[in-house]
Amino acid sequence: MQPHPDFAETDLPRRAEIGAFQLTPLSPAQVDEDFEAVIGSKQVLKGLFGDDWPLGLTRDDNLTDMGWHEREFTAKRSFAWIIRDPGGRYLGCAYLYPDLGKRGHGQVVTWVRDSPDRIAQLTQFDRLFQTWLRSYLPDRYILSWLNNAGIS
């Protein structure tokens with residue numbers, strides 16, 4: 001599997017501290033933690049990744065997805081992180097999907113699990129993440145941004 005040309009010479013960190021948030025790798029080792037967060041937040045995630053996802057998601061489906069995310073990160077084709085609070089609690093996920101059809105374009109998707117302060121956390125994270133991520137992107141890289149702020 002070849003890296004995306006925009007990231008062939010770039011090493012995006014698998015772990016980082018961004019303000020009060022921590023990024024850790026999304027991988028099969030976190031399947032139970034991820035599955036619990038996704039299923040516990042399905043009402044604020046429905047449709048984020050198309051159709052009615054995560055309705056009907058099984059742990060085995062999630063394990064497959066987690067393996068794909070890890071493989072893609074290692075190959076530098078797409079990038080996925082768990083968003084954690086300062087105490088290490090799983091808050092949600094952040095993804096960078098470079099456009100496979102052209103260079104210089106990609107999509108960021110972020111989500112935060114259902115909680116009373118979800119929108120505030122997501123807004124703060126997105127602002128910090130965008131600044132952090134821009135430092136690793138090629139010049140004039142165009143990002144589209146999607147999050148679960150509008151899903152309720």
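This briefing walks through the sheet, the helices, the cores and the salt bridges of the structure above. The model is a predicted one. At its heart for our tour is an open sheet of six strands, in the order β1-β2-β3-β4-β5-β6, with mixed pairing. Helices α2 and α3 both lie across strands: α2 crosses β3 and β4, while α3 crosses β1, β2, β3, β4, β5 and β6.

**The sheet**

- Let us start at the borders: β1 and β6 (142-147) are the edge strands, each pairing on one side only.
- On average, neighbouring strands of this sheet are turned by 25° against each other, with direction ignored.
- Strands β3 and β4 pair in the antiparallel sense, over six bridges. In this pairing, R84 stands opposite Y90 of β4.
- β3 and β4 also form a hairpin with five residues between them, and G88 in that turn has a positive phi of about 90°.
- On from there, β4 pairs with β5 (residues 105-112), again in the antiparallel sense, over seven bridges. C93 has W111 in β5 as its bridge partner.
- The β4-β5 hairpin has six residues between its strands, and G104 in the turn has a positive phi of about 80°.
- β5 and β6 run parallel and are joined by six bridges. Here the bridge partner of Q107 is S144 in β6.
- Is β4 mostly enclosed or mostly open? Eight of its nine residues are buried, so the rest of the structure largely encloses β4.

**Helix α2**

- Helix α2 covers residues 59-75, which makes 17 residues. From first C-alpha to last, α2 reaches 24 Å, close to the 24 Å expected at 1.5 Å a residue.
- The buried residues of α2 are N62, M66, G67, H69, E72, F73 and A75.
- What do these buried residues pack against? Their partners are α1 (31-40), β3 (79-84) and β4 (90-98).
- α2 runs at about 115° to β3.
- Just after the helix, K76 takes a positive phi of about 65°.

**Helix α3 and the nonpolar cores**

- α3 runs at about 150° to β5.
- As background, nonpolar side chains tend to be buried together in soluble globular proteins.
- The largest nonpolar core here has 21 residues, and the members that touch the most others are L12, L23, W81, L96, F129, W132 and L133.
- Two or more residues of this core come from each of β1 (16-18), β2 (21-25), β3, β4 and α3 (118-134). Which element gives the most? It is α3, with four residues.
- W132 is a good residue to look up in the viewer: leaving aside residues up to four places away in sequence, W132 touches P13, A16, I18, L23 and W81.
- There is also a second, separate core of 17 residues, with V31, A80, Y90 and Y95 among them.

**Salt bridges**

- How many salt bridges does a search of the whole structure find? It finds six. Three that involve helix α1 are described below, one by one.
- R59 and D32 meet through their side chains at 2.6 Å, N to O. This pair links distant parts of the chain, with R59 in α2 and D32 in α1, 27 residues apart. R59 counts as partly exposed at 36% relative accessibility, and D32 counts as partly exposed at 49%.
- R84 and E33 form another salt bridge, at 2.8 Å from N to O. R84 lies in β3 and E33 in α1, so the pair ties together parts that are 51 residues apart in sequence. R84 counts as buried at 10% relative accessibility, whereas E33 counts as partly exposed at 30%.
- R113 pairs with E36, their closest N and O atoms being 2.7 Å apart. R113 sits in the loop between β5 and α3, E36 sits in α1, and 77 residues separate them. R113 is buried, with a relative accessible area of 11%, while E36 is partly exposed, with 44%.

Definitions and conventions:
Residues are numbered from 1 along each chain as its sequence is written. This is a predicted model: local features need pLDDT of at least 70, side-chain atom pairs count only at pLDDT 80 or more; totals for chains, interfaces and linings use all residues. Side-chain values use heavy atoms; hydrogens and water are left out. The expected span of a helix is 1.5 Å times one less than its number of residues. Buried means under 20% relative accessible area, exposed over 50%, partly exposed in between (1.4 Å probe, protein chains only). Contact means heavy atoms within 4.5 Å. A nonpolar core is a set of buried Ala, Val, Leu, Ile, Met, Phe, Trp, Tyr and Cys residues joined through side-chain atoms within 4.5 Å. Two strands pair if DSSP finds at least two bridges between them. Axes are lines fitted to C-alpha atoms, for helices over the stretch in contact, and angles run from 0 to 180 degrees between N-to-C directions. A salt bridge is a side-chain nitrogen of Lys or Arg within 4 Å of a carboxyl oxygen of Asp or Glu.
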